[in-house]
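Student: I have a structure open and would like to work through parts of it by question and answer. Where do we begin?

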Amino acid sequence: MAQFKQWALEYVLADDEPVQLELTKKAAKELEDSRASSTVVGNWAASVHQWMTLTHSNDDDQMEDGDEGASGDIISRAKALSFLAGTLEVLDKTILRPDQVQRLIGFFGAMFSYDHKAGITASAKALRQLYSMKNFKPEMGIKVLEDVCKLKEDFRLQTAVTRLEIYELFLSLVEDSAVSSELQHKYGSSCGFALDLLQLCSSERDPRNLMIWFKVIRRLLAEFSPSPEVTGEIFKAFSAYFPISLRSSVTPIGITAEDLKEAVRNCFSSNQRVAPFAFPFLMQKLDQGDAVTVAVKVDILRTIKACIEAYENPQVSVVPYIEKIWGSLKYEVRNGEVKETIDATLEVLRAIARKLDGSKTHKQEVALLRNYIDLVFGDCKDDLSNPTYTKQAGLLLMTVVTANIRGYVLYNAGFIEIIRQNLRQPKSSTHTRDLLLLLNSILKTRIELFKNRKDGHTEDEEQLRAETRTHILSLFHDVYLPVWTGSEEIDVLKQVALGLGLLVRQQALDAEGAVSLLCSGAICVEICKLLIVTLVKPLTLSSNDNQSHDATLEDDVVLALRTIVMSYTDGYGWIIRSARKEIKKRDWASPSEYSLEALKVLLSRLAFIGCSEIPTEVNSDTEPENPYSPLRHYDAWLWTLVYLFPLSLQSVTADSYILSSLHAAVIWFRDACEAKYRASALAQYSDSDKNWLAEFEQLPGTFFDQVESAAMLPDEIASSFGEDDPETYRQFLRLSLFIVRGFYKGATAEAPWSEQALAQLAQTAALVVQNLSEKLQVSCNLAQEAFSLFKTSEEKPCASPFSGLLTVGILQGLHPGAMTGLYQPGGVAEKFICDTSDLGSSPRASDIKAAVGTIYSNKYPAGPATSEEYQTLKRVLEFWTNKIKESVTSSDIDSDSFNSLTNVAMHTIAGAVARQEKLVLDLIPVLHEAAGSPNPNGEIVARSLGVLVQPNSEVLNKETHANIKRFYKQWAYNFLVRPLYDLARPGSDKDPKTTARYSIMILSVVKNCPFTIYQDDVESLLRLLVTALSNKKDDSVLSEEAAQAQVIAALEILVDILANEPSALKGFLKEIIGGTTKVYQESTPSNKTLHRALTTCRKLSLQVIGALPKTLEERYLLPFSRPTQRMLALACGDPVRKVREAARSARANWAKVV
């Protein structure tokens, strides 16, 4: 006894929760050790007796007298009860006997009768713990509810936290099936306890408490059987909150307004017995007209929908209210303008149709659905002849007719017939368009219903099997064809085109349940021929004809043809044969720009039609030309491209478009595979144990002789995997590699391989190779093939000076592990990269070699520093670094050749920088020395160093497996730039040219780095920026080209600083405003060679000036306001539009500085 009293006293005096928890654990252990003997339990309960002596009247009197001691007693008593509740919380739930649980319930329940000022929270918490005891009996739950309800009016005076504890207790009790059964047995339909709860909780406003209270109400309605009168009282309790909202609060509570709306909605939809109250109430709310906001109206509609979906026995709970619901809701669509309201209304109407149809396991009487659709039909069918309401009426009819298969089968024929009748005598072209749109929607919905036919009741599929289809089959000749041939309205023709696509896609079930196309093969062919004319029409037009040509119709024809060929697979053969014939009819020796553009668009569209989706295997009434294959269209398109190439020996542009459409086809089909089979599942299908290239070598004849069969894949391979088999992806990659190899081998001296064509082919090769697994790349020896270009030693090499592009294409897609063989000493890669004999031939040649060097130095697979491979990489990097060192002071090399040499060297080193290769650290001092050289070539090196942190993103990116470290720019900056700030600072003892070179070097690197990398050096950097802006015309130090590059870099960095840390500029405002103004004034477009650079200078200088008022306080800018505004006024007359726009924006910003 003494122990418990001491622990209780310590608990009351303690304020730290951990200390209090420890005390309750001690008390619980004492109870458990005694096996909950009556004496020990009694002592434990009596330990708080000293705080229980005051009555409620004493409390009230003392509180009214302002006795502070009374307040202290209340707090102490509350904490004392918390000691008992806390002990029960940690106590073993099996230890207390039923009689002990009963007595404790009586003790804590009594607190609700007289101790309203203290202990309610603790008592509620204790009762919840007692409820969780093993020996809690259902009849005890009744006692708990009765005791708690004695709070009556004092309940609303409790804190929100206390009320929450009580709500949690109520919810636990009503969710207990045993307690619920006991309550039902005692109270029956009168549900007296429920009325007590309603009286107790009717004034609740706290969001957290309401969430629990609504759950209690939902349980009362769903699991008990209250009489209609009691149901009405419960309905009044929760409907009083509708529509519910939530005030904004500074303190987040974790509950949103949508949570509260959903909780109230669940009360409305809890049970069908609420229907007589819910529907009239909600319709009355809805019919209040303009007094109802959009948000409230949507809430009402969603609540009606929830009720319809949840109520059982729709004949009793829904049917009596349908006419009233329809009478109100039809105007929400017929006259509505707000999309959210219209959508919510249609959801309600659709929910009614589905409810009256039945569920997966039980169908309702057909008369229920029929009567409902008849009601809608009767009000809407006449509106279809009125252009004002055609779209709205069609939407309403579509919603109820196509909500389920039964409704569709019963009414689609009549629905289509009404549309057909109105199309015979349309009021306008807009009326025709809307009717066709409605007809197309029916066909589109039928596709969805057919697709999901197995998800519903078993009768649904039987009904589809038995449906009449003649009215659909006749649509082509009776509706679409007459409109297509008789109308010139583009919007109407677009709907016809889309409708024809949907018509061909329709499927039907035969008596055995087999699926086939609804339309005959003859009709499908006729539709294809009809649409192909529009597709190839641009090829037949001249540039003059095209001025009035609307390409949007062709876009919809493309979509329609894609829809067609995905089901009617022979259709793609018709399309490409017709297109191929039209293309070949034309002379491509000297085509016009318009003809080339028309060819480009046509090829792109043909690739999209056949390759952007995987076709579906559906039977037709005619024998297919070829066995079904998921790759059939892609295969046919590749064959077509090989057939067309080359179009002309003179028109290299036309041939590049063929290769461009090959690239597009690969992208389209890859994306289609990812959508069909999921990208994550395709990884294992990009692999193979076989050498595909060796298999290709076994094929008879040359590559271009393989195309006589109108397909690349043999039928036995093409048809060996189905539509849902991811093996499709592996065969797609195999076929793509085959076509790339073939075009590579075809790049001979006689072929029309322009730089543009080679670049397109290289991009396609990179795309194909990057999707192959590393293992497959190794087995195919693609690293070596990148330099042999798939040719044997006997075959003639590609004579184009741009053939290196093809090498880049393959290397770009390789995994680092697949490139190991290229790092052998004296290997083909090292020889290619270190060959400087062709550098002077053209800038493009150096760009190609630079790209190869970038990939080579970046994709080195990690290995020991002593390995031959690593030494080869080191040798290549040192070769180019030493080449710069030797050439920077040489008089034997001209500036163009040195530019080319520097380009290759910097890009090669940049690849190693991106992977943070430590070898680079030994090269940096050499680069610093070369850049600081007073020789003019030093200037070129300094300007080029920015490449080291900005390598070619086309050849180095994550998709192509490049090794790009996350913080490589930070790493490079620390070693490359940070040591140079002191050297770049002007001084009397320093060579001005050298300091200028270092400044250029710093700016060229920093402009390619994010602000976070150089933010610690902003002050030092700003001094260099100010110097760069003020020394622009100092020709004795920098060439004009270098000076322009330095100024552009300085301005770009200033823009970046202004966007991130404008306060850093406060100490340099005079110099920056003066310098940017000077830059603008001196960057006049006098030098045609530097016209673009000068325009960029003017634009950037105005951007810097214009950003100052937006980022700095007005007081810092006032001294510069007038001269700056005068300069900006003049700049508004700049001859370049983009510069004028920047000037106007800056002037508007500075106008606020007064």
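**Helix packing and two threonines**

Tutor: In this predicted model, helix 51 (residues 1018-1030) packs against helix 52 (residues 1040-1060) at an angle of about 135°, and their axes are 9 Å apart.

Student: Is helix 51 roughly antiparallel or oblique to helix 52?

Tutor: The angle between helix 51 and helix 52 is about 135°. Roughly antiparallel would need an angle over 145 degrees. Helix 51 is therefore classed, relative to helix 52, as oblique.

Student: Which residues of helix 51 make the contact with helix 52?

Tutor: The crossing of these two helices, 51 and 52, is left-handed. On the helix 52 side, the contact involves Q1046, V1047, A1050, L1051, I1053, L1054 and I1057. On the helix 51 side, the residues are L1021, L1022, L1025, A1028 and L1029.

Student: How is helix 22 oriented to helix 26, roughly parallel or oblique?

Tutor: Helix 22 and helix 26 (residues 475-486) pack with axes 11 Å apart, at an angle of about 40°. An angle counts as roughly parallel under 35 degrees. Helix 22 is therefore, with respect to helix 26, oblique.

Student: Which residues of helix 26 are in the contact with helix 22?

Tutor: Helix 22 and helix 26 cross in a left-handed way. Helix 22 contributes I416, R420 and L423. From helix 26 come L475, D478 and V479.

Student: Is T402 buried or exposed?

Tutor: T402 sits in the loop between helix 21 (390-401) and helix 22 (405-424). Its relative accessibility is 10%, and the cut-off for buried is under 20%. T402 therefore counts as buried.

Student: Which backbone oxygen lies 2.4 Å from a polar atom of the T402 side chain?

Tutor: Setting aside residues up to four places away in sequence, T402 touches Y408, T445 and L449. The backbone oxygen in question, at 2.4 Å from a polar side-chain atom of T402, belongs to M398.

Student: What is the relative accessibility of T445?

Tutor: T445 lies in helix 23 (residues 429-451). Apart from neighbours within four places in sequence, T445 is in contact with M398 and T402. T445 counts as buried because its relative accessibility is 18%.

Student: At what distance does the side chain of T445 reach the backbone oxygen of S441?

Tutor: T445 belongs to helix 23. The side chain of T445 reaches the backbone oxygen of S441 at 2.7 Å.

Student: How far apart are the C-alpha centres of domain 3 and domain 5?

Tutor: Domain 3 covers 571-616 + 626-814, and domain 5 covers 1007-1154. Their C-alpha centres are separated by 49 Å.

Methods. Residues are numbered from 1 along each chain as its sequence is written. This is a predicted model: local features need pLDDT of at least 70, side-chain atom pairs count only at pLDDT 80 or more; totals for chains, interfaces and linings use all residues. Side-chain values use heavy atoms; hydrogens and water are left out. Domain bounds come from an automatic or database domain assignment. Helices (H or I, at least four residues) and strands (E, at least two) are DSSP runs, numbered from the N terminus. Buried means under 20% relative accessible area, exposed over 50%, partly exposed in between (1.4 Å probe, protein chains only). A polar contact is a pair of N or O atoms within 3.5 Å; within protein, one must be able to donate a hydrogen and the other to accept it, and residues adjacent in sequence count only if both atoms are side-chain atoms. Contact means heavy atoms within 4.5 Å. Axes are lines fitted to C-alpha atoms, for helices over the stretch in contact, and angles run from 0 to 180 degrees between N-to-C directions. Angles under 35 degrees count as roughly parallel, over 145 as roughly antiparallel, 65 to 115 as roughly perpendicular and the rest as oblique. A crossing is left-handed if the near helix is turned anticlockwise from the far one by less than a right angle, and right-handed if clockwise.
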